[in-house]
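Q: Could we go over the pockets and cavities of this protein? Please take me through them one at a time.

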Amino acid sequence: MPELEINNKKVKLSNLEKVFWPQEGYTKHDLISYYIEVSSYLLPFLKDRPCNFQRFPDGIEGKRFYQKNIPSFAPEWVETVPIASDKRTINYIMVNNLETLVFLANLACLEIHPWHSRRKKIKNPDWGIVDLDPQEGVEFSQVVETARAVKKVLDDLELKGYPKTSGATGMQIYIPLKPRYTYEQVRDIIGYICKLVHEKEPKITTMERMVKKRGDTVYLDYLQNLWGQTINAPYTVRPRPKAPVSTPLTWEEALSGKVSPSDFTIKNIFSRLEEKGDLFAPVLQGEQLATAILRKLK
């Protein structure tokens, strides 16, 4: 069995030639190589955060399942954080280094979903996310118009947001926050923003929780900000044809109508990163306060 030595840790690899993307012929080797190459961009968004993973042991057309608890066979150097619920305690993996990332890629973890909070302030998210989720059959142009309304609302509230493609069909806008609010407060902050967006675009957006009642709209999903809810990290791969990557955008790109979530893949993302760098870096640096919104909600 081949292995890599990373930071004096040995990571065993297996089934490197197994095809994960049948149409393109991309293999597990391609997946692992991608995550190694993108690690300097990805790891800062995972550091010290509990993570969920979606695993595809037989590729994107095979079975899939979520992994939360650390597997029993994981190396002892994989860091975890225990989080208790009513039913049990889960030992979540934290992807704090390259060797852990490669270990997970070898387990066919295509999608990596970090929590919105870090270990030291686990109850206080340091970002909120406006998740623009187009319902089946809705064109991406409708997502773009919704994002335009989000930008106007954020400007009015004097908040900065940073858009990225989901890598699938939608767009997500991250709003960095000082880690002083509870998950419930962040949900309410993002819910208030979504309410204002819906008021601006009532025909093309919805906040309806029942899927069958949403119609041909973009769902403004603010409930993704609750405790334990997660969204795929920037620079993670999605289980779709061409191996698209969830990619940060400039606002100009996001609102241009010229960008599609499928444009950026594990094969072409690096020329973009060389040209533009990490457009999401301010998400980890630009702490903001949203107390004024909470006052309005009282």
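A: A note on the element names first: strands are DSSP runs of E of at least two residues, numbered from the N terminus. The model is a predicted one.

Q: Which strands each supply at least two residues of the lining of the largest pocket?
A: Three strands do so: β5 (50–55), β9 (109–114) and β10 (127–134).

Q: And which one gives the most?
A: That is β10, with 4 residues in the lining.

Q: How much space lies in that largest pocket?
A: The largest pocket holds about 550 Å³ of space. Its lining comprises 25 residues, and those closest to the pocket centre are H113, D131, Q224, N232 and R238.

Q: What about the domains, where does the lining of the largest pocket come from?
A: Domain 1 (1–114) and domain 2 (122–297) each contribute at least three residues to the lining of the largest pocket.

Q: How do the residues of that lining divide by class?
A: In the lining of the largest pocket, 12 residues are polar, 7 are charged and 6 are nonpolar.

Q: Changing topic: how many cavities of 30 Å³ or more are there?
A: The structure has 1 cavity of that size. The volume of the largest cavity is about 40 Å³.

Q: Which residues line the largest cavity?
A: The lining consists of Y235, T247, P248, R272, L273, K276, G277 and L279.

Q: And by class, what does the lining of the largest cavity have?
A: The lining of the largest cavity has 4 nonpolar residues, together with 2 polar and 2 charged ones.

Key
Residues numbered from 1 in each chain as written. Predicted model: local features only at pLDDT ≥ 70, side-chain atom pairs only at ≥ 80, totals over all residues. Heavy atoms only, no water. 1 Å grid on protein atoms, 1.4 Å probe; cavity = no way out; pocket = protein on both sides within 12 Å on 5 of 7 lines; lining within 4 Å. Points joined across faces, edges and corners; volume = space filled by probe spheres on them. Nonpolar A, V, L, I, M, F, W, Y, C, P; charged D, E, K, R; others polar. Domains from an automatic or database assignment.
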